[in-house]
Amino acid sequence: MPGSDYIAHVDVNSFYASAERAFDPSLEGKPLIVLSNNDGCAVTRSTEAKALGIQMGDPWFKIKHLASDAIPPERRLVARSSNYELYGDVSDRVMVLLGRYSAWVEVYSIDEAFLGVNGTAAEMLALGRGIKDAVRRHVGVPVCVGIAGTKGLAKLANKWAKHNAPFGGVCHWESIPEAEREALMSRLSVVELWGVAGRLTKRLNAMGIRSVLDLKNANPVLIRDRFSVVLMRTVLELQGIRCIPMEEERIGREQLIFSRSFSTPITSHAAMRQVMGLYAQQASARLAKHQLQAKVLTAFAATSHYNPADTSFPSVCVPLPMPTADPVLLARAAHALPPRTVEGVKYVRAGIMVTDLRPTGNQATLKLFENRHEERGIGQLLEEVSKKHGRGSIGLGAGGIRGGPDWTMKREMLSPRYTTHWEELPVARAS
């Protein structure tokens, strides 16, 4: 990241819930959760929902009583099904807006990004406040901004900006006196750090490293020898030494996975073929979007771990004849899975994974081995029709059956897709 004095980390607060509120102001101030696939469990909680004691991953059937009409409106829980199209579009708008503030933007996930920025401490604080206000005004979602000399410290600064009201949602780490910075780090467990999981926390605790400050003061070489180079970099980042570089683009270059649980278990080969066809078409669209081709496809299915009577976890790995993003070839490979499933057994999950990815056109194909479907742009055509007429409008083989299969994702509390479908655009009315 040439010429950048600081790194800004921008993170949308409770992203899914904030995206819902951006188009439905009546949800402001109310306990709001967004549910996982098939309306299973809470994956996003607003501040008000957290105050009710709702934990991440709480099953909907256990907390739905909190949405009862008998509960006062200000404490009544509101649930929404996952609206992935809306969230993806809101994310794109946020990232495009962030591009106005830096030539170096690393989109780290759907709701967060790193920016390379320059300036004095006062200018950095002003920049952070400007970003925060602009995203709220132009996109409608709240963000917090952490600015520091390294990515690790920028993430840490963002965490403090989010959970400490005096920062006002913006924290420039170097503007905080050193004694206060150390006091903040001493109160934060290492489990809260970027990339430090629960199992690793236990090992660190056994060495007497319990707080972020403890880890910052640790010997980097000792940490490397006892744990890994990755954790050593975290220590160095906490010490202000930049060693995790900015990336222009974060795209999974190693593999792409398409996997979902079913609202209704699948029990037949025919239904599994339909699943495989639909997933192959989605994989083709994603590969084409990132100008990638795959050389290997793996398909898998699974029964429920809570159903010991029927236990089946079939899988198949299929080398593709050439690097491809062609939905016809991908579907043909994925259709090797259904014969390995057992008729009558209830499969609750299935998916495909494409690996050995490489850029499109990276390897010239001899005329004899050219794929006629790919040359004619079948995958691109399917995606264009789907975008214009909806995901159920066209598909390969059984994947194109009208009406939709009964195993598709259950989303009974789905809000409109306000920004991507003409018939669901929000309507403004004069009061």
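Biologist: What makes Arg-181, Leu-184 and Met-185 of helix H7 count as buried?

Modeller: This is a predicted model, and in it H7 runs over residues 178–186, with Arg-181, Leu-184 and Met-185 buried. Buried means under 20% relative accessible area, so that is the cut-off these residues meet.

Biologist: How do you know that the buried residues line one face of H7?

Modeller: Look down the axis of H7: the buried residues fall within an arc of 95 degrees, so they line one face of the helix. An α-helix has 3.6 residues a turn, so residues three or four places apart point the same way.

Biologist: And what covers the buried residues of H7?

Modeller: The cover includes helix H6 (151–163) and helix H9 (212–216).

Biologist: On to the rings. How many aromatic pairs turn up in the whole structure?

Modeller: A search finds five. One of them is Phe-15 with Tyr-87.

Biologist: Why is the pair of Phe-15 and Tyr-87 called edge-to-face?

Modeller: The ring centres are 6.4 Å apart, and rings pair if their centres lie within 6.5 Å. The planes make 65 degrees; over 60 counts as edge-to-face, so the name fits.

Biologist: What makes this pair a tie between separate parts of the chain?

Modeller: Phe-15 lies in helix H1 (residues 15–23) and Tyr-87 in helix H4 (residues 84–98), so the pair ties together parts 72 residues apart in sequence. Both Phe-15 and Tyr-87 are buried.

Biologist: Why is the pair of Tyr-16 and Tyr-87 called stacked?

Modeller: Here the centres are 4.3 Å apart and the planes are at 10 degrees. Planes under 30 degrees apart count as stacked, so this pair is stacked. Tyr-16 is in helix H1 and Tyr-87 in helix H4, 71 residues apart. Tyr-16 is buried too, as is Tyr-87.

Biologist: Which residues do these ring pairs link into a cluster?

Modeller: Phe-15, Tyr-16 and Tyr-87.

Biologist: How do you know that Lys-151 lies over the face of Phe-114?

Modeller: Lys-151 is at 4.8 Å from the ring centre of Phe-114. For a lysine, NZ has to be within 6 Å of the centre and within 35 degrees of the ring normal, so the distance passes, and Lys-151 is indeed found over the face.

Biologist: Stepping back, how many helices and strands does the protein chain have?

Modeller: There are 15 helices and 13 strands. Of its 431 residues, 46% count as buried. The accessible surface is about 22300 Å², and carbon and sulfur atoms account for 52% of that.

Technical notes
Residues numbered from 1 in each chain as written. Predicted model: local features only at pLDDT ≥ 70, side-chain atom pairs only at ≥ 80, totals over all residues. Heavy atoms only, no water. Buried < 20%, exposed > 50% of the residue type's maximum accessible area, 1.4 Å probe, protein only. Helix = DSSP H or I, 4+ residues; strand = E, 2+ residues; numbered from the N terminus. Arc of directions from axis to C-beta. Contact = heavy atoms within 4.5 Å. Phe/Tyr/Trp six-rings, centres within 6.5 Å; stacked < 30°, edge-to-face > 60°. Areas by Shrake-Rupley, 256 points an atom, 1.4 Å probe, with all protein chains shown as cover.
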